[in-house]
Amino acid sequence: MVKKVRVALASDRNGLDYKLRLISHLQEHGYEPIDVGTYNNVPCDTPVFAAKAAKLVASGDCKYGILLCATGSGMIIAANKIKGILCGMGYADLVTKYMRQHNDANMIAFGQKHMGYEDVEHRVDIFLATEFIGQHHTPRVQQIKDLEEGKEIIQTPLMNPNWK
């Protein structure tokens, strides 16, 4: 039996509607969505739920994470504080694709008040179907991980052969 890919989902009340719709969409496409809240339309603190989803992704319990709030910004900021998380905003199709291909992002966020549901669903599909291509992007992703460890990073000759 093939194990389903687990995807953590989190929202505040401003992203709850899209999150619930995405859960059904993911189930229909063979994923195992893990909903870490919020579960109602009551005001809440977005960092609490972003951190819950991010910790599931960082631990490897979930392969990917999807975050939703009014703008997506608060969720991204909170998630990226968790070691091992690379989260960005899925505001355009190509950005979403490159987020995975070039940056090996493991989480994506959306703003329900600023994006149509169909666009969000489409970009979730792009995000989940796109693989990291590695190659010359690998050192840059490593630099991001080194920053997380507090290490010094420098410009690589690979990206800029004229840099001194």
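Q: Given that two strands count as paired when DSSP finds at least two bridges between them, what is the bridge partner of Val7 in E2?
A: In this predicted model, Val7 has Pro33 of E2 as its bridge partner.

Q: What makes E1 and strand E2 a pair?
A: Pairing requires at least two bridges, and E1 and E2 (residues 32–35) are joined by four, in the parallel sense, so the requirement is met. Together with helix H1 (residues 16–28), these strands form a right-handed β-α-β unit.

Q: How do you know that E1 also pairs with strand E3?
A: Five bridges link E1 to E3 (residues 64–69), and the two strands run parallel; since the threshold is at least two bridges, they are therefore a pair as well. Here Val7 stands opposite Tyr64.

Q: Why is strand E1 called largely enclosed by the rest of the structure?
A: A residue is buried under 20% relative accessible area, and six of the six residues of E1 (residues 6–11) are buried, so the strand is largely enclosed. Both of its faces are covered, with Arg6, Ala8 and Ala10 buried on one side and Val7, Leu9 and Ser11 buried on the other.

Q: Which residues touch the most other members of the largest nonpolar core?
A: Of its 24 residues, Ala53, Leu67, Ala79, Ile85, Cys87 and Met107 do. The elements that each supply at least two residues include E1, E3 and helix H2 (46–59), and H2 gives the most, with seven.

Q: With what is Cys87 in contact, leaving aside its neighbours within four places in sequence?
A: Cys87 is in contact with Leu67, Ile76, Ala79, Asn80, Met107, Ile108 and Ala109.

Terms used: Residues numbered from 1 in each chain as written. Predicted model: local features only at pLDDT ≥ 70, side-chain atom pairs only at ≥ 80, totals over all residues. Heavy atoms only, no water. Buried < 20%, exposed > 50% of the residue type's maximum accessible area, 1.4 Å probe, protein only. Right-handed = clockwise from strand over helix to strand, strands pointing away. Core = buried A, V, L, I, M, F, W, Y, C linked by side-chain atoms within 4.5 Å. Contact = heavy atoms within 4.5 Å.
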